[in-house]
Amino acid sequence: MGVQDLLFWFFSAAMLLCGVLVIANRNPVNSAMFLILLFINMAGLFLLLEAFFLAIVQILVYAGAVMVLFLFVIMLLDIKEGARKPVKKLAVGLAAAVGLALSAEIWLAIQGPAAPAGAPLHGGLKEVVKQLFTNYLLPFEVTALILLVAMLGVVLLSRGREVK
Amino acid sequence: MVGLDHYLLVSGLLFALGLVGVALRRSALVTLMCLEMTLNAANLAAVAFSHYLGRAEGQILVFFTIVIAAAEVAVGLAIFVALFRQKQTVSLDDLTSMRS
Amino acid sequence: MSQVWVILFAPLLAAGLITLFTRRSQGLSAALSIGAILVGFGCALQLFAALGSGQPLSPAPIQWLSVGPVQVEIGATVDRLSLLMLLVVTGVGSAIQIYSLGYMKGDPGLSRYYACMSLFTFSMLGIVLANNFIQMFIFWELVGLSSYLLIGFWFERASATAAGIKAFLTNRVGDFGFMLGILMLWSYAGTFDFAQLQSRLPGLHLEAGVLALIGLLIFCGTVGKSAQFPLHVWLPDAMEGPTPVSALIHAATMVAAGVYMLARVIWLLAPAPFALEVIAYIGGFTALLAALIAVAQNDIKRILAYSTLSQLGYMVMAVGLGGDLQAMFHLTTHAFFKALLFLTAGSVIVALHHEQDIWKMGGLRQKMPHTFAAFLIGTLALAGVWPLSGFYSKDEILLLALDHNAGLFVLAAFTALLTSFYMGRAFGVVFLGQPRDRHAFDHAHESPLVMTGPMLFLVVLSVAGGWFSAVPHFLQPAAAGAEHSLGLQIGLLAIPALGFLVSGLLYWRGDASDAPLQRALGPLHRAMYHKFYLDEIYAVLIRYTQDLVAAVCDFIDRWIVQGLGVGGLSLGVGLVGRVVNLLQTGQVRTYALWFGFGVVVVVYFSLIG
């Protein structure tokens with residue numbers, strides 16, 4: 001248990017740090033990189049939570065596909081470093097306030113009595129998949145449809161006005 | 001001993017970070033990235049619940065969320081590309097045609 | 001018993017039928033109207049005959065309105081007082097409606113005329129028969145409406161419509177006080193019914209001031225309807241209407257309604273001596289004022305109108321002196337001879353092709369002997385010459401004044417002198433001497449029977465109406481009259497004698513003119529001719545107050561309603577809009593921030609709060 005706790009703290013800290021860096025960076029490419037790191041740390045947390053399938057999927061899809069897409073677009077649009085515009089102190093202050101308030105609320109909300117715990121799902125991938133293909137079959141199929149629609153939409157949107 | 005509330009706290013903090021990022025960043029792309037952060041935070045919370053409460057639904061939710069998020073990012077980026085063609089910028093400050 | 005309802009509703013039925021169906025057929029309309037009132041007269045006679053049998057005559061009332069503490073019914077009081085008025089209204093009304101056939105011959109609006117006349121008859125009978133204040137008030141207003149319709153009958157004439165409006169508005173002022181009095185009485189006694197009020201009044205132990213106020217407020221109705229000072233200004237203008245209308249409404253019946261009402265509720269006024277005093281003085285003053293004005297008028301109808309005003313003043317004064325019996329007596333006889341005088345005047349007017357200026361008449365004795373005789377009888381009756389009816393009724397009032405208030409007696413006696421003077425003047429200028437307008441004179445001829453017949457009927461009544469003190473005796477068989485020496489009564493004859501003497505010297509000759517009188521009175525004569533400028537004073541007063549009210553209303557409308565209200569609202573909305581506008585920066589980041597705030601709030605309330 002001790003190792004797992006340590007790993008938890010490590011992954012969490014790293015993740016949050018990466019998150020801060022995503023926001024704070026001027027260069028979008030740097031932000032993207034830090035986001036990838038964040039996803040990897042997230043995958044680590046998933047592993048700790050024994051959601052192995054999801055951890056793999058996280059890396060494959062998020063870090064592998066989504067972020068690559070991000071970087072492609074950044075390169076395509078040739079986005080330079082953001083200009084050095086003075087940051088409005090008020091905006092930062094307000095945003096920080098919001099963030100802090102939210103965090104505090106979450107912390108307060110957790111203070112309540114714990115929910116009843118069931119038998120921990122130890123690597124129950126079989127269980128998950130079984131649910132997926134029986135109870136949640138419809139959403140499963142629908143997501144396929146959504147992906148198709150998204151693909152079509154993307155093609156349409158990025159075609160622009162070249163074709164007369 | 002790490003319990004559910006720790007994971008939830010981390011998730012909350014990440015979510016807050018994402019929200020702050022959306023409010024602060026000028027570039028549309030980075031804003032989108034921060035949105036992804038928030039989504040991930042929710043995913044973390046779901047998985048944590050799934051683990052500690054012994055229910056499969058959490059992981060299933062995350063599964064779907066990841067898929068949808070991927071689709072969403074694709075479409076969003078396509079929009080930004082199209083927008084860039086029109087306005088030559090992705091700075092949110094310049095995209096104010098919805099201003100009253 | 002149901003005859004009472006027949007009397008009341010037959011004219012209404014006639015009016016309705018004429019308005020709806022027989023507008024085209026003048027003859028049918030006239031027949032309907034005259035038939036209805038004759039039926040009423042017949043039923044009234046029947047009721048009169050049944051009086052001696054001792055049966056209760058009043059039919060059961062109909063419950064009309066019942067809202068919580070407010071109970072109003074439509075009822076009919078048939079007692080001696082109302083029966084007297086029934087006979088007068090239907091009798092004189094029948095005569096006048098028959099006369100109208102001749103007077104209004106050829107008028108295109110004849111059907112409308114008869115419809116309005118029937119409506120008037122219905123309304124007047126409603127007042128007479130009312131057994132509670134609300135019913136009386138409703139018919140009070142209806143009578144005012146009929147009067148308005150008939151005054152403005154020849155509506156193509158602007159002066160006629162103006163006169164109609166003037167009559168209605170002036171009445172409204174009086175009716176306002178009347179209504180206040182009714183409501184005040186109701187607030188104390190809880191009922192509108194006359195009989196109930198009369199029985200409850202002593203038990204209420206109202207203080208003198210309250211009783212006087214109620215009495216005076218109710219008197220306001222009389223001031224308006226019976227044209228007392230200061231609301232008398234509408235009656236002379238009402239002469240714009242056809243002469244039969246003037247005879248019926250503005251001499252015999254409607255204007256008398258005020259006096260009738262006072263007699264009806266005399267028990268209300270009796271315990272308020274202050275109110276009675278005010279009433280007496282207003283009546284006396286009106287009598288004098290009107291008589292003075294009549295002396296200087298040149299339009300024959302105006303002379304008669306002011307004479308009516310004067311006689312109404314007498315009646316009101318009599319009520320104020322506690323003599324409601326004497327007032328009703330004079331009301332009855334006045335109805336006879338004043339209607340007669342108006343009908344004869346109408347006869348003259350129509351013969352001379354609607355000429356009304358007495359200085360264009362003259363010498364008509366030769367051409368219109370019947371009319372001449374009728375006018376003479378009417379004049380003598382009005383002046384109070386023995387043995388005609390006016391002598392008895394007027395003397396009763398004079399003696400009443402003598403007994404109670406010497407000042408008012410002097411005033412009344414002087415007014416009687418003036419009465420005989422101006423009537424003698426009118427008589428002389430119109431019928432005696434030489435014709436002044438040869439052309440009109442040549443065309444003049446006596447009126448047809450349809451007009452002279454009713455005049456004859458009224459002549460008989462004017463002569464015999466006062467004999468045996470029939471009316472007061474009829475109203476209260478048990479009461480004993482005050483005793484006055486015969487010498488006093490004969491002495492009172494000196495008044496009309498003197499008046500006729502002076503007017504005869506001035507006007508009963510070929511070269512009669514107003515010049516000597518004008519020389520004698522100087523500027524006073526001019527003031528009398530101009531009705532003492534009261535109309536002009538009122539016009540200025542009204543314009544002043546109206547301008548004031550209009551200015552206030554304008555201010556309120558412009559600045560408060562429009563400025564604060566509408567403008568304020570639009571300004572407010574604009575302001576709010578502009579504030580909200582500030583939120584719409586078009587910046588996604590700002591929206592995200594607001595979103596974040598919202599999330600914080602929602603999370604607080606859902607998870608923690």
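How many of the residues of helix α10 of chain C are buried? Keep that question in mind as you open the structure, which is a predicted model, and begin the tour by selecting chain C.

**Stop 1: helix α10 of chain C**

Select residues 243–252 of chain C, which form helix α10, and you will find a helix that is mostly covered, with 10 of its 10 residues buried. If you click along the helix, the buried residues are T243(C), P244(C), V245(C), S246(C), A247(C), L248(C), I249(C), H250(C), A251(C) and A252(C).

**Stop 2: the loop between α8 and α9 of chain C**

Now select the loop that lies between α8 (208–225) and α9 (234–237) of chain C, where P230(C) is found. Look at the bond that joins F229(C) and P230(C), since this is a cis peptide bond with omega at about 0°. Then move to A227(C), which is found in the loop between α8 and α9 of chain C, and inspect its backbone: phi of A227(C) is near 55°, a positive value in a residue other than glycine. Is A227(C) buried or exposed? A227(C) is buried, because its relative accessible area is 0% and the cut-off for buried is under 20%.

**Stop 3: F532 of chain C**

Next, select F532(C), which sits in the loop between α26 (523–529) and α27 (534–583) of chain C. Phi of F532(C) is near 55°, again a positive value in a residue other than glycine. With a relative accessible area of 23%, F532(C) is partly exposed.

**Stop 4: E141 of chain C**

Continue to E141(C), which you will find in helix α5 (residues 133–151) of chain C. E141(C) carries a charged side chain by class, and at 17% relative accessibility it counts as buried. Leaving aside residues up to four places away in sequence, E141(C) touches R172(C) and D175(C), so it helps to show the side chains of these residues together. If you then measure from C-alpha to C-alpha, you should find E141(C) and I127(C) 9.7 Å apart in space, although they are 14 residues apart in sequence.

**Stop 5: where chain B meets chain A**

Leave chain C for a moment and colour chain B and chain A separately, so that their contact can be seen. The contact takes 68 residues from chain B and 78 residues from chain A, and the area buried between the two chains is about 6300 Å², of which carbon and sulfur atoms give 81%. Across this interface the rule finds zero salt bridges, while five residue pairs are in polar contact, both residues being at pLDDT 80 or more. To see which helices of chain B take part, select α1 (4–24), α2 (28–53) and α3 (57–87), each of which supplies at least two residues of the side that touches chain A. The largest share of that side, 24 residues, comes from α3(B). Sorted by class, the side of chain B that touches chain A has 50 nonpolar, 10 polar and eight charged residues.

**Stop 6: where chain B meets chain C**

For the last stop, show chain B together with chain C, where 13 residues of chain B are in contact with 11 residues of chain C. These two chains bury about 1000 Å² between them, and 56% of it lies on carbon and sulfur atoms. The rule finds zero salt bridges across the interface of chain B and chain C, and the count of residue pairs in polar contact, both at pLDDT 80 or more, is one. By class, the side of chain B that touches chain C has seven nonpolar, two polar and four charged residues.

Terms used
Residues numbered from 1 in each chain as written. Chains lettered and ligands numbered in written order. Predicted model: local features only at pLDDT ≥ 70, side-chain atom pairs only at ≥ 80, totals over all residues. Heavy atoms only, no water. Contact = heavy atoms within 4.5 Å. Buried area = accessible area lost by both parts, 1.4 Å probe. Salt bridge = Lys/Arg side-chain N within 4 Å of Asp/Glu carboxyl O. Polar contact = N/O pair within 3.5 Å; in protein donor to acceptor, adjacent residues only side chain to side chain. Helix = DSSP H or I, 4+ residues; strand = E, 2+ residues; numbered from the N terminus. Buried < 20%, exposed > 50% of the residue type's maximum accessible area, 1.4 Å probe, protein only.
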